[in-house]
Amino acid sequence: MGAVVGTLTLQTSRRRPSRDNLDDDLELSVVCHRPEGLEQLEAQTNFSKKELQVLYRGFKNECPSGAVNEETFKQIYSQFFPHGDASTYAHYLFNSFDSSQNGSIKFEDFVTALSILLRGTTTEKLEWTFNLYDINRDGYINKEEMTNIVKAIYDMMGRFTYPALKTDTPKQHVDAFFQKMDKNRDGVVTLDEFILSCQEDENIMRSLQLFENVI
Ligand SMILES: [Ca+2]
Ligand SMILES: [Ca+2]
């Protein structure tokens, strides 16, 4: 990938040979995050080298600096939900994509998550979804976390899309979730409980697919 970036920088410099622009390019290349080698990403994800190159070009196009901060992520994501407020859900998604927890999504973070969501096994997808719901990352989904996620999804969809929503619907949604998932009734859902419950329940698998489509 370093070679790709190098070539791009070179082409840009050739096109704009004036001294100011050269300085800009140099400055940019310092600020820009350089992604890991293509071979490494090819080994780590379910994408081919060619797919990674296409994805990288698209990513660079949207985010010339090579990394996305939360504000930009929210702006891009919100465009898909014009009738609702997607900012809270985008915040949770951002944290899941930002695997190193440093406030920015780099190309590696982006393709790693995309690889799981598009090409991962069912277990990998469920693990990813569990981590999204486990907001404080303590290994358990509690009722407060699930309530926050459900409310965020309802906000994102907007009243325009679901005019018949009752105010107590998120609570019913969360109660039904725990009724099915919290096998040992200790008030929290573990990853094992989550995967087990999802795999044995067709309806949950279907609604999970709904969540995946939202992602
Ligand atoms: Ca938790
Ligand atoms: Ca439990």
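In what follows, a helix is a DSSP run of H or I covering at least four residues. By that usage, Leu191 belongs to helix H11, which spans residues 191-200. I should state at once that the structure before you is a predicted model.

Let me begin with the protein as a whole. Its secondary structure amounts to 12 helices and 4 strands. The protein has 215 residues, of which 23% count as buried. If we consider contacts between residues at least 6 apart in sequence, 58% of them join residues at least 24 apart.

I turn next to the annotation. An unreviewed UniProt entry lists "domain: EF-hand" for residues 85-120, 121-156 and 169-204. In the model, residues 85-120 are 67% helix and 8% strand, with 29 Å between the end C-alpha atoms. For residues 121-156 the figures are 72% helix and 6% strand, and the end C-alpha atoms lie 27 Å apart.

Now to a pair of helices. How do H5 and H6 cross? The axes of H5, residues 70-78, and H6, residues 87-97, come within 9 Å and cross at roughly 125°. An angle between 115 and 145 degrees is classed as oblique, and H5 and H6 are therefore oblique to each other. Their crossing is right-handed. On the H5 side, the contact is made by Glu70, Phe73, Lys74, Tyr77 and Ser78; on the H6 side, by Ser87, Ala90, His91, Leu93 and Phe94. By character, these residues comprise 5 nonpolar, 3 polar and 2 charged.

Let us return to Leu191. Is this residue buried or exposed? Leu191 has 16 C-beta neighbours inside 10 Å, and it therefore counts as partly exposed. Outside the four places on either side in sequence, Leu191 is in contact with Glu127 and Phe130. Its C-alpha atom is also 7.2 Å from that of Tyr140, a residue 51 positions away along the chain.

Finally, I draw your attention to two backbone angles. Most residues other than glycine have a negative phi. Gln101, although not a glycine, has a positive phi of about 55°. Gln101 sits in the loop between H6 and strand S2, residues 104-106. It counts as exposed because it has 7 C-beta neighbours inside 10 Å, the limit for that class being 12 or fewer.

Arg185 is likewise not a glycine, and its phi is positive at about 55°. Arg185 is placed in the loop between helix H10, residues 169-181, and strand S4, residues 188-189. With 7 other C-beta atoms within 10 Å, Arg185 is exposed.

Notes: Residues are numbered from 1 along each chain as its sequence is written. Chains are lettered from A and ligands numbered from 1 in the order in which they are written. This is a predicted model: local features need pLDDT of at least 70, side-chain atom pairs count only at pLDDT 80 or more; totals for chains, interfaces and linings use all residues. UniProt positions are given in the numbering used here, feature names are shortened, and annotations may be inferred rather than shown by experiment. Helices (H or I, at least four residues) and strands (E, at least two) are DSSP runs, numbered from the N terminus. Axes are lines fitted to C-alpha atoms, for helices over the stretch in contact, and angles run from 0 to 180 degrees between N-to-C directions. Angles under 35 degrees count as roughly parallel, over 145 as roughly antiparallel, 65 to 115 as roughly perpendicular and the rest as oblique. A crossing is left-handed if the near helix is turned anticlockwise from the far one by less than a right angle, and right-handed if clockwise. Two residues are in contact if their C-beta atoms, placed from the backbone, lie within 7 Å. Ala, Val, Leu, Ile, Met, Phe, Trp, Tyr, Cys and Pro count as nonpolar, Asp, Glu, Lys and Arg as charged, and the others, Gly among them, as polar. A residue is buried if 20 or more other C-beta atoms lie within 10 Å of its own, exposed if 12 or fewer, and partly exposed in between; C-beta atoms are placed from the backbone.
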